[in-house]
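The following note sets out numbered remarks on the model shown below. Each remark is a short paragraph and may be checked against the coordinates.

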Amino acid sequence: MAAGMETAMGLVGSAGGVSATEVLLAATVFCLLLLLTQPLRRRVPKGLKPPPGPRGLPVVGNVLELRKDPHLALTRLSQKYGDVMEVAIGTQPVLVLSGLDTLRQALVRQGEDFMGRPDLPSFRLIANGQSLAFSPEAGDAWKARRKLAQNALKTFSIAASPASSSSCLLEEHVSKEAAYLVTKFLQVMEEEQSFDPCRYLVVSVANVICAMCFGKRYDHNDQELLSLVNDSNEFGEVAAAGNPSDFIPLLRYLPSRTMDLFKDINRRFNVFIEKIVQEHYATFNKEHIRDITDSLIGHCQERKTAGEDTNLQLSNQSIIAIVNDLFGAGFDTVTTALSWCLMYAASYPDMQKRIQDELDQTIGRERRPRLSDRGTLPYTEAFILEMFRHSSFLPFTIPHRTTKATALNGYYIPKDTCVFVNQWQVNHDEKLWQDPFAFKPERFLNTAGTEINRTESDKVLTFGLGRRRCIGESIGRWEVFLFLTTLLQQLEFSLAPGEAVDLTPQYGLTMKYKKCERFQIKRRLPSNGSL
Ligand code: HEM
């Protein structure tokens with residue numbers, strides 16, 4: 001993103017000259033460009049208005065205002081122009097939506113109108129253009145694929161599992177990986193003074209989604225997996241809302257290291273998934289469906305015998321691409337959520353202690369936390385909610401697109417308009433939250449501190465809303481809960497003394513704090529009576 005923005009800045013900065021003729025020529029070209037690049041005046045139906053927004057420069061539009069932390073820049077602009085505003089990225093108009101009520105209206109009540117995805121060049125590179133999450137299709141075939149993904153995901157994660165000693169497969173996988181992490185953290189701590197736990201967290205979280213999708217787990221030193229999961233930052237830089245090269249065609253022809261990396265990540269990702277899918281095809285047995293990949297292969301084969309192909313035109317390739325999406329969406333989001341949890345816990349030791357006291361009183365230390373403990377740990381739940389709100393690590397949803405011409409809050413919005421949904425703004429809106437920049441889990445508790453206040457928790461926006469709402473929401477929330485409680489039941493997290501840690505989120509599809517090698521982890525002292 002930064003490289004692209006610099007290029008965009010270079011573009012406007014390059015005009016200049018010394019002689020009067022050159023100045024005149026430059027001015028003429030400028031005016032011509034201005035005329036050519038102004039969006040054609042749209043015909044706005046009677047009774048409606050075009051959305052307001054800041055005036056942009058020719059060629060680059062408002063790119064310069066958005067070049068750093070677009071979520072903050074667009075929040076500031078929304079304070080001036082309102083919940084429905086229009087900015088220009090390059091010459092393309094982009095609708096930016098803020099405000100919880102406006103988002104509920106657009107994404108839920110008028111959900112069909114706002115459910116598309118824009119056809120962006122970088123999105124075409126994801127899963128060979130077949131991605132469920134990023135491709136522009138939003139018709140019946142897409143709806144059938146989303147349903148298929150939801151069902152497969154449910155069967156191999158949160159559905160009751162009579163064959164397992166855990167309540168569901170998700171609990172079994174997470175519990176195992178979290179217990180392994182406890183041992184791993186203590187082992188690394190013996191070897192090093194302090195370290196970055198995210199390096200291990202990401203493999204454990206990836207192993208959970210690998211177990212569900214592919215029925216396999218990887219070693220923490222597996223180079224193939226490590227090289228994939230450690231490149232999520234580069235992926236997020238390009239796939240984030242507002243990547244200039246998606247909107248300014250000229251930038252696509254200029255060399256960009258970030259773009260080259262993005263292409264390479266997607267290529268390696270496809271190779272990784274294809275290899276596993278081929279292995280599954282070779283050993284497939286319809287009487288013994290082992291995981292999500294098998295269940296999708298099974299679906300392809302059933303459809304073939306039922307002659308359903310012409311019906312919804314789902315290609316086998318597009319069905320198999322679903323595992324690509326589930327794996328991709330399933331590890332970076334949850335790892336980022338957990339890394340923020342650990343950072344807040346280490347930065348606020350009193351809050352960490354309060355969670356641990358709650359765990360000691362409710363669960364003790366003899367048995368591992370289970371998913372059924374969720375409703376019994378209100379402070380822990382409030383802490384997780386506050387992590388989602390305060391970090392807002394998914395500042396925007398994946399961009400949306402209008403599927404037809406529509407109206408919102410009295411503004412006219414043409415078909416195929418690209419839409420950014422500003423989740424960060426909602427989570428820091430002073431009209432919704434008292435002291436929005438403070439980290440205060442208690443804001444979600446009732447006065448007695450015994451229950452979550454559901455009116456407050458429903459205001460946090462993290463998983464999107466409506467037709468495009470995240471299909472892994474329950475899995476994501478449950479994983480964060482179970483990993484965090486298992487880790488905090490056994491371990492104490494702190495930061496090595498030194499300079500203050502920089503908690504500023506780095507802009508991307510998912511926002512992380514700067515790499516921090518200063519975590520120290522030790523086994524908790526026995527509490528009175530337990531252990
Ligand atoms: C804490 C964890 C997670 C967070 C915060 C999160 C958040 C989101 C958000 C904001 C979106 C975009 C919504 C929109 O565009 O309006 C999304 C989409 C999606 N998520 Fe998640 N997610 C998480 C975990 C997961 C997991 C574990 C999976 C799967 C195993 C998953 C699968 C997906 C898929 C497939 C989509 C695309 C849906 C569509 O385009 O219709 N997510 N998620």
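1. By class, the shell around the ligand holds 15 nonpolar, eight polar and three charged residues. In this count Ala, Val, Leu, Ile, Met, Phe, Trp, Tyr, Cys and Pro are nonpolar, Asp, Glu, Lys and Arg are charged, and the others, Gly among them, are polar. A residue belongs to the surroundings if one of its heavy atoms lies within 4 Å of the molecule.

2. The model is predicted: local features need pLDDT of at least 70 and side-chain atom pairs count only at pLDDT 80 or more, whereas totals for chains, interfaces and linings use all residues. Residues are numbered from 1 along each chain as its sequence is written, and side-chain values use heavy atoms, with hydrogens and water left out.

3. Which helix gives the most to the shell around the ligand? Helix 16 does, with five residues. Helix 7 (140-155) and helix 16 (316-347) each supply at least two residues of the shell. Helices (H or I, at least four residues) and strands (E, at least two) are DSSP runs numbered from the N terminus.

4. Of the 26 residues around the ligand, Arg117, Arg146, His400, Arg468 and Cys470 come nearest. Polar side-chain atoms lie at short range from ligand oxygen atoms in three cases: 2.6 Å for arginine 146, 2.7 Å for histidine 400 and 2.8 Å for arginine 468. A polar contact is a pair of N or O atoms within 3.5 Å.

5. Which residue is the only protein donor of the iron atom of the ligand? Cys470 fills this role through SG, at 2.3 Å. Donors are N, O and S atoms within 2.8 Å of the metal (3.2 Å for Na, K and Ca); water is not among the atoms, so sites may look incomplete.

6. Cysteine 470 is placed in the loop between helix 20 (454-457) and helix 21 (473-490). Its relative accessibility of 33% makes cysteine 470 partly exposed; the cut-offs are under 20% for buried and over 50% for exposed, with partly exposed in between (1.4 Å probe, protein chains only). The unreviewed UniProt entry carries a "binding site" annotation that covers Cys470; such annotations may be inferred rather than shown by experiment.

7. An open sheet of four strands has the order 1-2-6-3, with mixed pairing. Strand 1 (84-89) and strand 3 (400-401) stand at the edges with a single partner strand each, so one side of each is left without a neighbour in the sheet. Two strands pair if DSSP finds at least two bridges between them.

8. Strand 1 and strand 2 (residues 92-97) pair in the antiparallel sense over six bridges, with glutamate 86 opposite leucine 95. These two strands form a hairpin with two residues between them, and glycine 90 in the turn has a positive phi of about 65°.

9. Strand 2 runs parallel to strand 6, joined by four bridges; here leucine 95 has valine 419 as its bridge partner. Strand 3 and strand 6 (residues 418-421) run antiparallel with two bridges, and arginine 401 stands opposite cysteine 418.

10. Two residues other than glycine merit a check of their backbone angles: valine 59 has a positive phi near 65°, and aspartate 435 one near 50°. Valine 59 sits in the loop between helix 2 (20-37) and helix 3 (63-66) and is partly exposed at 28%. Aspartate 435 lies in the loop between helix 19 (423-427) and helix 20, partly exposed at 45%.

How values were computed: A polar contact is a pair of N or O atoms within 3.5 Å; within protein, one must be able to donate a hydrogen and the other to accept it, and residues adjacent in sequence count only if both atoms are side-chain atoms.
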